[in-house]
Amino acid sequence: MKWILRILFLPILVVNLAVALMLIGCAYSALLPPATLPLLSLAGLAFPFTLAGNILFIIAWLLVRRRHAWLSIIACLICLPQIRAFVPINMDHQKAPEETIKLLSYNILSTNLTPATANSENPLITYLEGCDADIICLQEFPFASLNSSAKAKKLLADYPYRSYNVSKDSELAANYLCCLSKYPILSVKKLDIGSTSNGCTKYCILHDTDTIVVYNCHLESNHLDSENKSTYEQLLTNPKKENIKVDETKALVKKLRDASAKRAEQADIIAADMRQETTPYIIVCGDFNDSPISYTRRVLTRELDDAFVVSGNGPGISYNRNKMYYRIDHILHSRGFDSYACKVDHTMKVSDHYPISCYLEKYR
């Protein structure tokens with residue numbers, strides 16, 4: 001009987017081993033440079049699926065034969081830093097001290113700042129007014145609608161220090177990067193990250209007697225059209241062989257691959273600029289278009305902490321369309337700060353992104 005059971009369990013163990021190795025491969029794919037290994041570097045996108053597979057194996061083996069559960073348990077232990085990056089759990093750091101800076105980052109998808117009628121509310125402006133942030137970094141900001149809205153002007157009155165920077169292509173007026181600050185903006189520098197439709201702007205902001213350097217980023221988009229997104233949904237929800245269209249799948253993978261390689265270059269440029277700063281107070285935030293398991297985030301967190309990993313909870317999904325359930329909006333900060341109560345606000349749905357915010361306390 002024991003031999004029969006072993007023969008029955010053997011193919012399941014082989015599958016379990018494969019899923020465990022896939023988890024490790026996906027977790028450490030962020031070490032691979034997308035420029036030279038573009039396809040392998042995309043493996044991080046499969047991380048949540050391989051993690052879920054290993055959790056299911058652990059549960060199943062604990063119910064049937066406990067000693068076999070160690071295979072997936074060991075794989076999860078090897079990938080513990082990546083699991084924490086993807087789905088952190090923090091019981092502390094939830095209540096912010098009194099002397100903190102609240103920062104909010106939000107890709108607003110060019111949402112019009114002008115209400116439909118004179119008496120109607122604009123949900124975006126209402127939200128920004130009520131968030132009580134000290135520094136707001138917006139991506140895909142529709143500058144053209146600012147001057148036509150009294151509500152927008154009232155919001156701007158609360159933030160006397162402002163900066164608007166368009167992407168490299170000045171005609172893309174809907175793709176401004178915007179910073180609204182209650183503290184003086186000493187200088188503004190637009191980094192050349194080699195993109196015509198995305199960008200990164202650096203602000204030097206005076207807080208008390210300290211200079212805070214804030215990078216507002218909108219890194220290279222995947223440029224997926226409706227057909228690409230439909231292909232992705234099909235692969236995710238109904239991945240039967242007969243449903244997979246090879247040409248469309250290749251086109252999707254090529255766009256993801258090329259954009260990943262571009263973001264890697266942009267992350268290297270930002271990291272190089274950041275290393276020239278002498279202030280202990282640095283923030284890098286915005287729409288990275290990359291998940292927590294990516295080369296982009298790994299490069300930028302070499303010398304920075306991830307506010308969501310330090311003080312957030314759960315997966316913190318920040319993109320809400322086309323079943324692409326990832327946290328691609330991030331707030332990173334230097335070790336001169338401690339972060340509290342970082343969260344992705346899923347109640348705000350005017351954009352294809354959710355806003356992310358946190359409280360930052362300066363170390364003295």
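Of the 364 residues in the protein, buried residues make up 51%, a figure that, like everything below, comes from a predicted model. The protein has 11 helices and 12 strands, and among its contacts with a separation of 6 or more, 72% are accounted for by residues 24 or more positions apart. The protein exposes about 17500 Å², of which carbon and sulfur atoms supply 60%.

**The open sheet and the helix across it**

- An open sheet is formed by 6 strands in the order 5-6-7-8-10-9, and the pairing within this sheet is mixed.
- Strand 5 (185-191) and strand 9 (305-306) stand at the edges of the sheet, and because each has a single partner strand, one side of each is left without a neighbour in the sheet.
- Strand 7 (residues 210-218) and strand 8 (residues 282-287) run parallel and are joined by 6 bridges; within this pairing, Val214 has Ile283 of strand 8 as its bridge partner.
- Helix 9 (residues 246-275) lies across strand 5, strand 6 (199-207), strand 7 and strand 8, and the helix runs at about 175° to strand 7.

**His207 in strand 6**

- His207 has its place in strand 6, and this residue counts as buried because its relative accessibility is 11%, which falls under the 20% cut-off.
- When neighbours within four places in sequence are left aside, His207 is in contact with Ile101, Tyr183, Ile212 and Lys362.

**Salt bridges**

- A search of the whole structure finds 13 salt bridges, and the pairs described here include three that link distant parts of the chain.
- Lys202 and Asp273 meet through their side chains in a salt bridge with an N to O distance of 2.9 Å; Lys202 belongs to strand 6 and Asp273 to helix 9, so that the pair, 71 residues apart, links distant parts of the chain.
- Lys202 and Asp273 are both buried, and together with Lys189 and Glu277 they are linked in a network of salt bridges.
- A salt bridge also brings together the side chains of Asp225 and Lys255, at 3.6 Å from N to O; here Asp225 lies in the loop between strand 7 and helix 8 (226-237), whereas Lys255 is in helix 9, 30 residues apart.
- Both partners of that pair fall in the intermediate class of accessibility, since Asp225 counts as partly exposed at 37% relative accessibility and Lys255 is partly exposed with a relative accessible area of 27%.
- Arg335 forms a salt bridge with Asp305, with 3.2 Å between the closest N and O atoms; Arg335 lies in the loop between strand 10 (329-333) and strand 11 (337-344), while Asp305 is in strand 9, 30 residues apart.
- Arg335 is partly exposed, with a relative accessible area of 43%, and Asp305 is likewise partly exposed, with a relative accessible area of 23%.

**Helix 1 and the nonpolar surface patch**

- Tyr28, Leu31, Trp70, Ile74 and Ile78 form a nonpolar patch on the surface, and together these residues have about 490 Å² of accessible area.
- Within this patch, Tyr28 lies in the loop between helix 1 (2-27) and helix 2 (38-41), and Tyr28 is partly exposed, with a relative accessible area of 30%.
- Ile24 has its place in helix 1 and is partly exposed, with a relative accessible area of 23%.
- Leaving aside neighbours within four places in sequence, Ile24 is in contact with Ala75, Ile78 and Cys79, and Ile78 is also one of the residues that form the nonpolar patch.
- The C-alpha atoms of Ile24 and Thr50 are separated by 8.9 Å, although these two residues are 26 residues apart along the chain.

Conventions:
Residues numbered from 1 in each chain as written. Predicted model: local features only at pLDDT ≥ 70, side-chain atom pairs only at ≥ 80, totals over all residues. Heavy atoms only, no water. Pairing = 2+ DSSP bridges. Helix = DSSP H or I, 4+ residues; strand = E, 2+ residues; numbered from the N terminus. Contact = heavy atoms within 4.5 Å. Axes fitted to C-alpha atoms, helices over the stretch in contact; angles between N-to-C directions. Patch = residues over 30% accessible without salt bridge, like charges linked within 9 Å, V, L, I, M, F, W, Y side chains within 5 Å. Areas by Shrake-Rupley, 256 points an atom, 1.4 Å probe, with all protein chains shown as cover. Salt bridge = Lys/Arg side-chain N within 4 Å of Asp/Glu carboxyl O. Buried < 20%, exposed > 50% of the residue type's maximum accessible area, 1.4 Å probe, protein only.
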